[in-house]
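Here are a few notes to read alongside the structure, meant for someone opening it for the first time. Take them in order, with the viewer open.

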Amino acid sequence: MRIPFIAGNWKMYKTIAQARAFADEFKNLYHDTDVKTAIFAPYTQLETLVEAFKGSGIGVGAQNVHFAKEGAYTGEVSVAMLEEIGVDYCLVGHSERRQYFAETDESVNLKLKALLESKILPVVCVGENLEEREAGKEEVIVSGQIRADFDGICEADAEKIVVAYEPVWAIGTGKTATPEQANQMCKCIRETLADIYDEETADKIIIQYGGSVKPENATEIMNMEEIDGALVGGASLEPLKFIEIINF
Ligand code: PEP
């Protein structure tokens, strides 16, 4: 059985003081339920959140990592550095990183492999852009990303990876994929994983939908058969909105 996983991506928002205030309010609202949750925060807030959420069941994740163990990579952060802070998860290949920071499927694949050598669970983001959707190429694009991102990763490791299907045209735009569109793409991702591995493995992998998820559309999205969770950007910045989504 796949346990629903609803996570917040704070992008480049909040200071440490604001993160602490969020954590205080959110901990009072959150009751350990059947839904797993986590906050993906900027590096500077991770330690504060790990400390604040200790024992609460709320996970903490980073938004990016470098694949090298260490080296002359100014401005980058390694897996070991994240492990030392005690984060539970790390996002890989978010569309904003693919779009603005030259993240490729090749680097995504290396980052997944580096994380899989640690206890930090990766959440890999895939999704087509508007042009690709309008050309009817969304399934080809997304299944191609999955094949490239999972290349050389064994079955046992693949099961630890969470996939977030995030159509680029729906991120931060207020436009949401219809529940049917999102479900169809999550189904396509699961079929691709079944083709790479087998159905049993694909059945175990959590697939989230992300793209303008808010309290008003969370129930409909979460009720779709192939969707196991959500990656929430804007609406995760406010404790009340985020808790409403978690309590869909
Ligand atoms: C995201 O940042 O991954 C995201 C889905 O953002 P939003 O919910 O704001 O569209």
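1. Start at the ligand, keeping in mind that this is a predicted model. The side chain of E166 has an N or O atom 2.8 Å from an oxygen atom of the ligand. H94 also brings a side-chain N or O atom to 2.8 Å from a ligand oxygen. With S212 the backbone does the job: one of its N or O atoms lies 2.8 Å from an oxygen atom of the ligand. Taken alone, the ligand exposes 290 Å², and the protein buries 95% of that.

2. If you want to see who else is around, 14 residues surround the ligand. The ones that come nearest are K11, E166, G172, S212 and G233. So E166 and S212 turn up both in this list and among the polar contacts above.

3. Now look at strand 4, residues 89–92. In a regular strand, side chains alternate between the two faces of the sheet. Here Y89 and L91 point one way, while C90 and V92 point the other way. All four are buried.

4. What are the neighbours of strand 4? On the one hand there is strand 3 (residues 58–62), which runs parallel to strand 4 and is joined to it by 2 bridges. G61 is the residue standing opposite Y89. On the other hand there is strand 5 (residues 121–126), paired with strand 4 in the parallel sense over 4 bridges. In strand 5, the bridge partner of Y89 is L121.

5. It's worth tracing the chain from strand 3 to strand 4 by eye. Together with helix 3 (residues 79–85), these two strands make a β-α-β unit, and the unit is right-handed.

6. Next, the aromatic rings. The count comes to 9 aromatic pairs. Take F150 and Y197: their ring centres are 6.3 Å apart and their planes meet at 70 degrees, so the pair is edge-to-face, being over the 60-degree cut-off. This pair links distant parts of the chain, 47 residues apart. F150 sits in the loop between helix 7 (138–149) and helix 8 (155–158), and Y197 in the loop between helix 9 (179–196) and helix 10 (199–204).

7. Are F150 and Y197 buried or exposed? The cut-off for buried is under 20% relative accessible area. F150 has 2%, so it is buried, and Y197, at 14%, counts as buried too.

8. Last one: find W10, F22, F26, Y30, F53 and F242, which ring pairs link into a cluster.

Methods
Residues numbered from 1 in each chain as written. Predicted model: local features only at pLDDT ≥ 70, side-chain atom pairs only at ≥ 80, totals over all residues. Heavy atoms only, no water. Buried < 20%, exposed > 50% of the residue type's maximum accessible area, 1.4 Å probe, protein only. Pairing = 2+ DSSP bridges. Right-handed = clockwise from strand over helix to strand, strands pointing away. Near = heavy atom within 4 Å. Polar contact = N/O pair within 3.5 Å; in protein donor to acceptor, adjacent residues only side chain to side chain. Areas by Shrake-Rupley, 256 points an atom, 1.4 Å probe, with all protein chains shown as cover. Phe/Tyr/Trp six-rings, centres within 6.5 Å; stacked < 30°, edge-to-face > 60°.
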